[in-house]
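The exercises below are meant for a reader who is meeting this structure for the first time. Try each task before reading its solution.

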Amino acid sequence: MNRFWTLLTYLHSLAGPGVMLLYPLYASVVAIESTSKVDDEQWLAYWILYSFLTLMEMLIQPLLEWIPIWYDLKLGFVAWLVLPQFRGAAFIYEKFVREKLINKYGGGPRQAKGKSKFVDYVATNKGEQEAY
């Protein structure tokens, strides 16, 4: 029985990097090579949300140490973001992040005609890009 728990512990510690990094990296490469834009949006949204989650986790680490099941909760949430059956990353991006961009910048990156204020705000001049 002791070996069984040791095996479960190893599998549990490998599940995080597998679900949070390895599969998303593989799926992102596949999405780049495909002609569909739907999978590109899913994986760009995933990396935005995963980066935000990691940053927030680093900032509130002392508080998270008091929550013994934090890793399991994070693993479940990231699995929901990653799994193609749920498309959680695209859902959260469409419902929350994109809405904040539209409210703040009066448009958003998907504005039909012309550039939006957000794209103007984020984009740099062509000359600046070539200088680097």
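**Exercise 1. Decide whether R87 is buried, partly exposed or exposed, and describe its place in the chain.**

Solution. The relative accessible area of R87 is 29%, and because buried means under 20% and exposed means over 50%, R87 is partly exposed. This value, like the others here, is computed from a predicted model. The next step is to locate the residue, and R87 is found in the loop between helix 4 and helix 5. Finally, the backbone of R87 deserves a look, since this residue has a positive phi of about 50° although it is not a glycine.

**Exercise 2. Describe the overall make-up of the protein in terms of its helices and strands, its buried share and its accessible surface.**

Solution. Begin with the elements: the protein has 7 helices and 0 strands, and read from the N terminus on, they run α-α-α-α-α-α-α. Turn next to burial, where 25% of the 132 residues count as buried. The accessible surface comes to about 10,100 Å², and 67% of that belongs to carbon and sulfur atoms. As a last step, consider the contacts between residues at least 6 apart in sequence, of which 52% join residues at least 24 apart.

**Exercise 3. Find which elements give two or more residues to the largest nonpolar core, and which element gives the most.**

Solution. In soluble globular proteins, nonpolar side chains tend to be buried together. Here the largest nonpolar core has 18 residues, and those with the most contacts inside it are M20, W43, Y46, V78, L81 and A89. Two or more residues come from each of helix 1 (2–33), helix 2, helix 4 (70–82) and helix 5 (88–105). Helix 2 gives the most to this core, with 6 residues. To see the surroundings of one core member, take Y46: leaving aside residues up to four places away in sequence, Y46 touches V19, M20, P24, V78, L81, V82 and A89.

**Exercise 4. Locate the salt bridges, and state which parts of the chain each one joins.**

Solution. The count comes to 2 salt bridges. In one of them E57 pairs with K74, and the closest N and O atoms are 2.6 Å apart. Since E57 lies in helix 2 and K74 in helix 4, this pair ties together parts that are 17 residues apart in sequence. E57 counts as buried because its relative accessibility is 14%, and K74 is buried as well, with a relative accessible area of 8%.

In the other salt bridge the side chains of R98 and E94 meet, at 3.8 Å from N to O. Both R98 and E94 lie in helix 5, 4 residues apart, which is about one turn of the helix. R98 is buried, with a relative accessible area of 18%, whereas E94, at 27% relative accessibility, counts as partly exposed.

**Exercise 5. Classify the ring pair of W47 and Y50, and place it among the aromatic pairs of the structure.**

Solution. A pair of aromatic rings is described by the distance of the centres and the angle of the planes. A search of the whole structure finds 8 aromatic pairs. For W47 and Y50 the ring centres are 6.1 Å apart and the planes stand at 90°, so the pair is edge-to-face. Both residues lie in helix 2, 3 residues apart, about one turn of the helix. W47 is partly exposed, with a relative accessible area of 23%, while Y50, at 14% relative accessibility, counts as buried. In a wider view, ring pairs link Y23, W43, Y46, W47 and Y50 into a cluster.

**Exercise 6. Identify the residues of the nonpolar surface patch, and say which helix gives the largest share.**

Solution. The patch is made by F52, L55, M56, M58, L59, I60 and L63, and its area is about 720 Å². The largest share, 5 residues, comes from helix 2 (residues 38–59). As a check on one member, L55 is found in helix 2, and at 42% relative accessibility L55 counts as partly exposed.

Notes:
Residues are numbered from 1 along each chain as its sequence is written. This is a predicted model: local features need pLDDT of at least 70, side-chain atom pairs count only at pLDDT 80 or more; totals for chains, interfaces and linings use all residues. Side-chain values use heavy atoms; hydrogens and water are left out. Patches are made of residues with over 30% relative accessible area and no salt bridge: like charges are joined within 9 Å, nonpolar side chains (Val, Leu, Ile, Met, Phe, Trp, Tyr) within 5 Å. Accessible areas come from the Shrake-Rupley method with a 1.4 Å probe; for residues, only the protein chains shown count as cover. A salt bridge is a side-chain nitrogen of Lys or Arg within 4 Å of a carboxyl oxygen of Asp or Glu. Buried means under 20% relative accessible area, exposed over 50%, partly exposed in between (1.4 Å probe, protein chains only). Contact means heavy atoms within 4.5 Å. A nonpolar core is a set of buried Ala, Val, Leu, Ile, Met, Phe, Trp, Tyr and Cys residues joined through side-chain atoms within 4.5 Å. Rings of Phe, Tyr and Trp (its six-membered ring) pair if their centres lie within 6.5 Å; planes under 30 degrees apart count as stacked, over 60 as edge-to-face and the rest as tilted.
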